[in-house]
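The reader is invited to look through the structure shown here. The explanation begins with the overall fold and then turns to the details of packing and charge.

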Amino acid sequence: MGQKKRMFLAAAVFSTLALHAPSALAGWEHNDGRWQQGYSQLTPEQQTASQTIYDQYYAQTSALRQQLASKRYEYNALLIASAPDSDKINAVAKEMASLNQSLDESRVQRDIALAKAGVPRGGMGYGGCGGHGGGMGHW
């Protein structure tokens, strides 16, 4: 199989995974034990506000997260090519950086909404609501 066919096949497989993996994993973060622990310490009003804010955040960022996952797969596929094209790799890396910045901006807006709703921040590494996203590498 030629290099172009392998790249196309890899991109197709990774794109398919990227489109379906976020929905398959979406419940994982909601059921993360750390999140549950922090969530249970909130008042019923804070729980409702927190759930609404997170649901809105995930709905608003779904396409961005899927695009970023696809770009990561594409980036990795480009890196393992028999003749890596540095121009293409750099272009995809810039696209990933832009998508990450957009996600960062959305996370800030989510965190502001949580703060305004009176939802306390969790400890370091846990983010808002004790781990549901926003901490060290677990957004």
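The paragraphs that follow describe the helices, their packing and the salt bridges. The structure is a predicted model, and the values below are computed from it.

The protein contains four helices and zero strands. Read from the N terminus, its elements follow the order α-α-α-α. Of its 139 residues, 32% count as buried.

Attention now turns to one pair of helices. Two packed helices are described by the angle between their axes and by the distance between those axes. Helix 3 covers residues 44-79 and helix 4 covers residues 86-116; their axes come within 9 Å of each other and cross at roughly 165°. Angles over 145 degrees count as roughly antiparallel, and helix 3 and helix 4 are therefore roughly antiparallel to each other. The crossing of these two helices is left-handed. Sorted by class, the residues in the contact of helix 3 with helix 4 comprise 16 nonpolar, six polar and eight charged ones.

The nonpolar side of the description leads to the core. The largest nonpolar core has 15 residues, of which L68, L103 and L114 touch the most other members. Helix 3 and helix 4 each supply at least two residues of this core, and helix 3 gives the most, with seven residues. L68 also serves as a reference point for S98: the two are 30 residues apart in sequence, while their C-alpha atoms are 9.3 Å apart in space. S98 lies in helix 4 and, with a relative accessibility of 44%, counts as partly exposed.

The charged residues can be followed through the salt bridges. How many salt bridges does a search of the whole structure find? The search finds four. One of them joins K71 and E95, whose closest N and O atoms are 2.8 Å apart. Because K71 lies in helix 3 and E95 in helix 4, this pair ties together parts that are 24 residues apart in sequence. Are the two partners buried or exposed, or something in between? K71 counts as buried, since its relative accessibility is 19% and the cut-off for buried is under 20%. E95, by contrast, has a relative accessible area of 35% and is partly exposed. The pair also belongs to a network of salt bridges that links K71, E74 and E95.

Another salt bridge is formed by D104 and R107, with 2.6 Å between the closest N and O atoms. These residues are three apart in helix 4, so about one helical turn separates them. D104 counts as partly exposed at 36% relative accessibility, whereas R107, at 11%, counts as buried.

A further salt bridge brings together the side chains of R110 and D111, with an N to O distance of 3.0 Å. Both partners fall under the cut-off of 20% for buried residues: R110 has a relative accessible area of 3%, and D111 has one of 19%.

In summary, helix 3 and helix 4 are roughly antiparallel and both contribute to the largest nonpolar core. The salt bridge of K71 with E95 ties together parts of these two helices, while the salt bridge of D104 with R107 spans about one turn of helix 4.

Definitions and conventions: Residues numbered from 1 in each chain as written. Predicted model: local features only at pLDDT ≥ 70, side-chain atom pairs only at ≥ 80, totals over all residues. Heavy atoms only, no water. Axes fitted to C-alpha atoms, helices over the stretch in contact; angles between N-to-C directions. Parallel < 35°, antiparallel > 145°, perpendicular 65-115°, else oblique. Left-handed = near helix turned anticlockwise from the far one by under 90°. Nonpolar A, V, L, I, M, F, W, Y, C, P; charged D, E, K, R; others polar. Buried < 20%, exposed > 50% of the residue type's maximum accessible area, 1.4 Å probe, protein only. Core = buried A, V, L, I, M, F, W, Y, C linked by side-chain atoms within 4.5 Å.
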